[in-house]
Amino acid sequence: MPGTQILVNELVTKLRKRKVEGSQATALLTAELLRSVISQLKVPQTNQAETLIEAVKSVGEQLVAANPVELAVGNIVKRVLHVIREEDFSVATNALRGLVSSAGGDNRDTAEQKDFRAQNVAAVAAGPPSRPPSLHSLLDRTPDSAIAHHSSYIGDSFEGKGKSADRNTEIWKLKHDVKRAVNELIEDINSCHEQIAEHAVELIHQNEIILTFGRSRTVREFLCAAKEKRSFRVFVAEGAPKYQGHALAKDLVARGLQTTLITDSAVFAMISRVNMVVVGVHAVMANGGVLGPVGLNMVALAARKHAVPFVVVAGTHKLCPLYPQNPQVLLNEMRCPSELLQYGEFSDCMDFSIGSGNPLLNVVNPAFDYVSPELVSLFITDIGGYNPSFMHRLIADYYSADDVNLPKKTTS
């Protein structure tokens, strides 16, 4: 797939150079790339799902290695892997239904065959297990007597051209169903802001004061949606050292919201006047904790101290199946000191008298804060609102246990 590899290399370069802004844009580009990979992949007649999974994993490892801090990349890769496993399970269960149906027309069924069909029908009704079995492994559980009883039927059907056509149809159907599900995922990512904003009027009431931190498009759309039916004020903490809160404040004023810009250090002083804190985050971890811009934990602690609800708005593409203590999770990265000090000021603090060139002043500029689940009151996602204690169950609906830990890409 030379054409696909070019697309992979382009996205890897963008991720490595931090040229993609925002988790939503990153998730969208990742999902679109994986859709292209699946579309152009030639799937064999056997082990179709395994072939798709290996191809997606191979690309995913390259993308994750390019920017390990951007957890949305790994989230989307794992979501697509889960989609493949689910669609493969669906094909397997449909094939079993067909086998059971064909066997059901024979009045010479033995008790062993009936028991086998009942077990498989019950398995289908129960839904996919944590590790969905392949079609071959499900058929391997067929009792020997049933295999012998239907051997002539199966042999004849596989020998005909009609069976070959059916097999090609099954291959096409698996890829088609996977692409359809990935398209739905892309649509969900595109519409997540609007879906989250629909819950704004339920949470924000007349004449309230809402505090937010830094800049988040999800928060902006959430507040603007509430403005259509509510009159309220917004306090925006500026979010040093990048001061992205300045841009958010301008956006809110342009949309007609009464906005007050405050320094980060003023959060504790102003929080007693606030009715609710609404913030966007970088990622939502499996334990209900969140990664957000540096300084967010201070806001969460202030909200807890004054019994102010701390609400996190985040699309489902930010739900991460990893826990904070997982080795694959980089809870932080250190950014350039120039965001805090000009290089001229920094050079003035060098100790040239001993000639070592070692600075007496060190600058630490972390990018993220971790907020524990105990400090979060509510999550608002594009599929509804949830308590932090429910997040691990919600995340389990989107990821397979087999894909939680992607293998690290090895370099030769």
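## A guided tour, strand by strand and core by core

Select residues 310-313 (strand 7) and 378-381 (strand 9): these two strands pair in the parallel sense over 3 bridges. Before going on, keep in mind that you are looking at a predicted model. Now show Val312, and opposite this residue you will find Phe379 of strand 9.

Stay with strand 9 and add residues 384-386, which form strand 10. Here the two strands run antiparallel, joined by 3 bridges. A hairpin of 2 residues carries the chain from strand 9 to strand 10. For a pair to highlight, pick Thr381, which stands opposite Gly384 in strand 10.

Next comes another sheet. Select strands 5, 6 and 8, and you have an open sheet with the order 5-6-8 and antiparallel pairing. Which strands are at the edges? They are strand 5 (283-284) and strand 8 (368-371), each of which pairs on one side only. Zoom in on strand 5 and strand 6 (residues 290-293), where 2 bridges make the antiparallel pairing. Ala283 has Leu291 in strand 6 as its bridge partner.

Bring in residues 296-305 as well: this is helix 14, which lies across strand 6 and strand 8. Its direction makes an angle of about 35 degrees with strand 8.

For a short detour, click on Ala269, in helix 13 (residues 267-270). Is Ala269 buried or exposed? Ala269 counts as exposed because its relative accessibility is 57%, above the 50% cut-off. Try a distance label from Ala269 to Ala302: their C-alpha atoms are separated by 9.1 Å, though the two are 33 residues apart along the chain.

Now turn to the nonpolar interior. In soluble globular proteins, nonpolar side chains tend to be buried together. The largest nonpolar core in this model has 38 residues, and among those with the most contacts inside it are Leu52, Leu63, Ile76 and Val178. To see where the core comes from, colour helix 1 (2-16), helix 2 (23-40), helix 3 (48-66), helix 4 (71-104) and helix 9 (161-197), each of which supplies at least two residues. Helix 4 gives the most, with 9 residues.

Centre the view on Leu52. Beyond its neighbours within four places in sequence, what is Leu52 in contact with? The partners are Ile38, Leu41, Val43, Ile84, Leu174 and Val178.

For the last stop, select Phe213, Ala266, Leu296 and Leu319, which are included in a second, separate core of 37 residues.

Key. Residues numbered from 1 in each chain as written. Predicted model: local features only at pLDDT ≥ 70, side-chain atom pairs only at ≥ 80, totals over all residues. Heavy atoms only, no water. Core = buried A, V, L, I, M, F, W, Y, C linked by side-chain atoms within 4.5 Å. Buried < 20%, exposed > 50% of the residue type's maximum accessible area, 1.4 Å probe, protein only. Helix = DSSP H or I, 4+ residues; strand = E, 2+ residues; numbered from the N terminus. Contact = heavy atoms within 4.5 Å. Pairing = 2+ DSSP bridges. Axes fitted to C-alpha atoms, helices over the stretch in contact; angles between N-to-C directions.
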